[in-house]
Amino acid sequence: MAPASAVRRGLHVGVVTAYPPSRARLTEYGRHLVHHLARHEQVAEVVLLHDVTPWGAPAPSPGVTPVAAWRPEDLRTPWRIRRATREHRLDAVLFNVQLASFGDHVVPGTLGLLSPWLVRRTGVPVVVLLHDLADEVDERAADLARPSLRARAARAVARLRLRALLRADLLALTIPRHVDLVRDGYGAGDVALAPHGGFELVPLPDLARPPGPRRVLAFGRWGAATTADVLVDAYRELLRRGRDDVELVLAGADSPDAPGYLAELAARHADLPGLELTGFVADEDVPALFRSAAVVAFPSATGGAGVLHLAGEHGRALVLPRSGELVDLAEDEGFAGERFDPGDAAGLADALEHVLDDDELRTRLGRQNFTAAAGAALADVVHWHVLHLRRLAAEGGRS
């Protein structure tokens with residue numbers, strides 16, 4: 001275990017995360033998280049324990065030592081992460097994960113989430129930042145239909161994976177309701193709220209409607225938890241109402257769980273004018289994409305926290321479902337938007353129409369969302385992580 005003097009001179013922090021050029025979940029958040037950690041005055045070095053990808057190695061970054069430490073669906077992932085942690089003599093390790101970060105298949109995905117426990121057993125304290133909680137999603141879905149055997153099995157696996165992560169010194173969750181669910185449902189004490197945070201501090205953007213067609217933007221990993229069908233149906237309804245100056249942009253690639261989803265959607269709606277599917281969007285192209293949008297739409301009630309903050313940073317108005325974990329997060333952090341009932345294409349079309357037709361409303365929502373994004377800066381969230389990492393390193397982790 002690193003001595004207290006190592007903590008005073010500056011932490012040597014390991015960060016386990018998917019990272020660009022990877023196209024896995026949480027890559028963009030991982031990049032910004034590592035960037036802010038490396039710039040923190042109390043951090044001497046960040047050892048980036050990143051995923052192995054076919055797109056090459058991460059670009060060099062000051063204060064960051066990249067180590068290709070794991071790959072999804074690999075049974076050896078936890079032991080590889082533990083070995084890398086020991087080789088680099090880290091003071092503490094931060095895991096930036098979702099429940100399926102290490103694999104969608106049951107055995108490798110669950111084994112990967114034992115990595116925090118294995119690292120802790122070497123004497124290195126561990127904080128896990130978890131971005132999802134399947135219990136919340138499943139409970140909402142159960143209100144609509146009786147869960148199938150497959151759904152119940154998936155929920156059991158998710159609960160097993162969460163229990164594995166609770167072996168860390170501290171589990172941080174990004175949504176207040178999730179903190180309560182884990183504390184109440186699992187009897188866990190070492191659980192805390194760590195807001196998602198906005199990626200960058202930027203000046204107030206231009207809130208005027210971009211010139212040209214009024215663009216509705218939706219951004220995600222499509223086909224699993226987040227589907228675009230209701231939004232495409234709503235767009236078709238807008239065209240039926242004569243809104244031929246509106247375009248729909250679906251940005252992002254297929255979810256790893258649903259390869260071919262976007263190609264199938266494009267084939268089904270080949271007759272639809274003004275529908276653009278961008279595919280994967282590189283980080284450097286994201287700002288221009290959001291600046292081109294008149295409104296950012298969220299067709300699903302789950303996921304999308306990173307997109308929510310990007311929309312806020314660029315002063316965009318939002319259209320959101322009336323319920324779901326995304327709405328909980330938006331309300332907790334002060335974001336605002338027009339609402340529609342989940343799955344209601346006509347209601348979604350009404351909400352989009354309301355924002356697109358009312359420049360005063362669109363501007364007011366955009367300004368409020370920018371304020372919300374700026375008020376929960378990732379740099380501040382990272383400082384919170386550093387305080388906990390320093391405390392755990394000084395104490396020798398949790399006994």
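How many cavities of 30 Å³ or more does the count come to? Before I answer, please keep in mind that what we are looking at is a predicted model. The count comes to one cavity of 30 Å³ or more, and the largest cavity has a volume of about 30 Å³. Its lining is made up of Tyr 19, Leu 48, Pro 58, Ala 59, Ser 61, Val 64 and Pro 66, and by class these residues divide into six nonpolar, one polar and no charged.

Let me set beside that the second largest pocket, where about 320 Å³ of space lies. Lining this pocket are 24 residues, of which Ser 22, Ala 24, Arg 25, Pro 72 and Pro 256 are the closest to its centre. Here the lining includes charged residues, seven of them, together with eleven nonpolar and six polar ones.

Now to the sheet. Six strands, in the order β10-β9-β8-β11-β12-β13, form an open sheet with parallel pairing. At its edges are β10, residues 275–279, and β13, residues 337–340, each of which pairs on one side only. On average, and with direction ignored, neighbouring strands of this sheet are turned by 25° against each other. Within that order, strand β8, covering residues 214–219, runs parallel to strand β11, covering residues 295–297, and two bridges join them; for Val 216, the bridge partner in β11 is Val 295.

Two helices deserve mention in connection with these strands. Helix α9, residues 229–240, lies across β8, β9, β10 and β11, and runs at about 170° to β9, which spans residues 246–251. Helix α14, residues 345–357, packs on the sheet as well, where it touches β8, β9, β11, β12 and β13, and its direction makes about 160° with that of β13.

Finally, I would like to turn to helix α13, which comprises residues 325–333 and is mostly covered, with seven of its nine residues buried. Which residues of α13 are buried? They are Glu 325, Leu 326, Val 327, Asp 328, Leu 329, Ala 330 and Glu 333, so that, taking buried to mean under 20% relative accessible area, the list holds Glu 325, Asp 328 and Glu 333 alongside Leu 326, Val 327, Leu 329 and Ala 330. Just after this helix comes Gly 334, which takes a positive phi of about 90°.

Technical notes. Residues are numbered from 1 along each chain as its sequence is written. This is a predicted model: local features need pLDDT of at least 70, side-chain atom pairs count only at pLDDT 80 or more; totals for chains, interfaces and linings use all residues. Side-chain values use heavy atoms; hydrogens and water are left out. Two strands pair if DSSP finds at least two bridges between them. Helices (H or I, at least four residues) and strands (E, at least two) are DSSP runs, numbered from the N terminus. Axes are lines fitted to C-alpha atoms, for helices over the stretch in contact, and angles run from 0 to 180 degrees between N-to-C directions. Contact means heavy atoms within 4.5 Å. On a 1 Å grid over the protein atoms alone, a cavity is a set of points where a 1.4 Å probe fits but cannot get out, and a pocket is an open set with protein on both sides within 12 Å along at least five of seven lines; lining residues have an atom within 4 Å of a point. Grid points are joined across faces, edges and corners, and a volume is the space filled by probe spheres set on the points. Ala, Val, Leu, Ile, Met, Phe, Trp, Tyr, Cys and Pro count as nonpolar, Asp, Glu, Lys and Arg as charged, and the others, Gly among them, as polar. Buried means under 20% relative accessible area, exposed over 50%, partly exposed in between (1.4 Å probe, protein chains only).
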